[in-house]
Amino acid sequence: MKCNLAFLGALIWGFQAIWAQNPLIRDQYTADPTARVFNNKLYVYPSHDIMCTEDKGEPGWFCMEDYHVFSSKDLTIWKDHGEILHQKDVPWAYDEGYSMWAPDCVEKDGKYYFYFPTKHKDTEGFTIGVAVGNHPEGPFTPQKKPIANVNGIDPNVFIDHDGQAYIYWSGRDIWVAKLKPNMLELASEPSIIANLPKEGHLEGPFMFERSGKYYLTYPHVENKTERLEYAIGDSPMGPFKVTGVIMDESPTGCWTNHHSIVDYNDQWYLFYHHNDLSPDFDKNRSIRADSLSFNTDGLINKVIPTLRGIGVNKASEELQFDRYSAKSADAELHFNNSQNTFQGWNIALKQNDWVQYNSVEFDETYASLTIRVNASLKSQLEIVDASKNTILAAIEIPANTGWLEYKAALPQIANAVYDLRLVLKAGQASIDWIRFMD
């Protein structure tokens with residue numbers, strides 16, 4: 001019943017639209033993203049990090065009590081559909097476990113099956129449950145019992161071309177079993193997937209198929225933190241051959257990474273997480289996405305994390321240049337409010353510094369722009385078409401104290417998709433965002 005009330009509550013207060021690059025969601029912590037395509041729209045089912053307190057979870061550790069789901073058609077504007085499941089909604093779960101860890105969701109025969117791990121109220125350790133709904137955003141109704149004979153975390157469900165569903169999970173090793181057609185019970189005994197790394201922590205399996213090959217992907221601690229690796233086989237249950245690395249360890253020391261891989265509109269994407277919004281505490285994480293590609297032999301090209309992320313922005317949206325595609329060496333990133341990192345970042349430029357933001361669509365004529373800027377000196381800013389190295393506009397920004405939303409007239413800019421570069425020709429200014437106006 002609470003699931004339904006949460007869903008109705010989301011309808012009442014309205015779905016929140018979030019304009020985002022990396023991280024994708026910037027008003028709450030999110031982790032462990034599973035991306036799925038339903039009804040020609042991309043949905044992301046992450047876990048939801050919150051800060052533990054003495055009365056809530058274990059301080060200094062992961063703390064998760066519920067799940068949200070997010071969706072997007074253009075990979076730029078994300079809608080939060082609100083809470084879809086809470087630990088107190090699950091009949092068999094320990095309702096103060098704060099352990100609603102990495103989930104998954106799949107569709108079969110018009111029903112949506114949401115798989116999640118959490119602690120059982122009557123036994124030690126984690127088990128995996130299922131909640132069922134008629135829509136990808138819920139409401140979801142949890143089953144009265146968890147899946148029998150499955151003990152562990154990080155459920156992932158893969159449905160092959162013949163309709164057979166498989167469930168993967170982690171518990172020291174990575175396990176696999178077939179699912180019955182009802183998607184709620186095992187159809188085979190669980191088995192450990194062989195030939196995977198034996199040294200170092202291993203978790204978070206995610207299976208996908210491409211061109212007849214089955215890719216088993218997983219986070220693995222080869223050194224000190226998790227990197228994303230993969231193995232390839234000829235069937236969903238293996239055998240698999242460890243093949244390569246999808247993403248290297250975090251350069252800033254975030255201990256975990258957890259991911260999914262999806263083909264959306266003929267482009268592959270890697271969804272993963274990092275601690276962008278909580279740089280000093282890696283148990284509060286934020287989901288990201290970057291494009292992924294394959295060699296002609298089917299091997300995955302290593303993904304290099306970016307701040308720009310994915311999607312084409314409309315020029316009329318807030319363009320967060322601090323989520324840059326490239327920048328000059330001396331351009332500096334700062335939180336807008338270090339006490340509330342959900343307020344995002346700005347990028348500080350001095351004379352001759354520049355910052356570039358790719359894939360901005362001008363699909364109409366814009367007469368002006370608004371820039372949220374803090375300019376300690378009178379400044380001159382050029383907006384450059386980076387691919388042609390031509391100046392699209394030049395504006396003067398008055399010196400001001402504090403943040404100002406400054407509006408300036410524009411010359412006509414031809415309709416096209418641009419890689420925009422902001423070059424500070426004179427002065428000193430910090431830029432939060434720019435929006436082009438008609």
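Reader: What makes C63 count as buried?

Author: Its number, in this predicted model: C63 has 0% relative accessibility. Buried means under 20%, so C63 counts as buried.

Reader: And why is C105 called buried?

Author: C105 has a relative accessible area of 0%. The cut-off is under 20%, so C105 is buried.

Reader: Why is C63 not in a disulfide with C52?

Author: Check the sulfurs: the closest cysteine sulfur to that of C63 sits in C52, 3.2 Å away. A disulfide needs the pair within 2.5 Å, so 3.2 Å is too far for a bond. Searching the whole structure turns up 0 disulfides.

Reader: Okay, on to the strands. How do you know that β10 and β11 pair?

Author: Pairing takes at least two bridges, and β10 shares 5 with β11 (residues 165–171), in the antiparallel sense. Across that pair, F158 stands opposite Y166 in β11. The hairpin they make has 5 residues between the strands, and G163 there takes a positive phi near 90 degrees.

Reader: What about β12 and β13, how many bridges join them?

Author: 2 bridges, with β12 (residues 173–179) and β13 running antiparallel. The requirement is at least two, so they count as paired. W175 stands opposite I192 in β13.

Reader: Which strands stand at the edges, and why?

Author: The open sheet has 4 strands, ordered β10-β11-β12-β13, with antiparallel pairing. β10 (153–159) and β13 (191–192) each have a single partner strand, so one side of each lacks a neighbour in the sheet.

Reader: Is β10 mostly covered or mostly uncovered?

Author: Mostly covered: 6 of the 7 residues in β10 are buried.

Note on methods:
Residues are numbered from 1 along each chain as its sequence is written. This is a predicted model: local features need pLDDT of at least 70, side-chain atom pairs count only at pLDDT 80 or more; totals for chains, interfaces and linings use all residues. Side-chain values use heavy atoms; hydrogens and water are left out. Buried means under 20% relative accessible area, exposed over 50%, partly exposed in between (1.4 Å probe, protein chains only).
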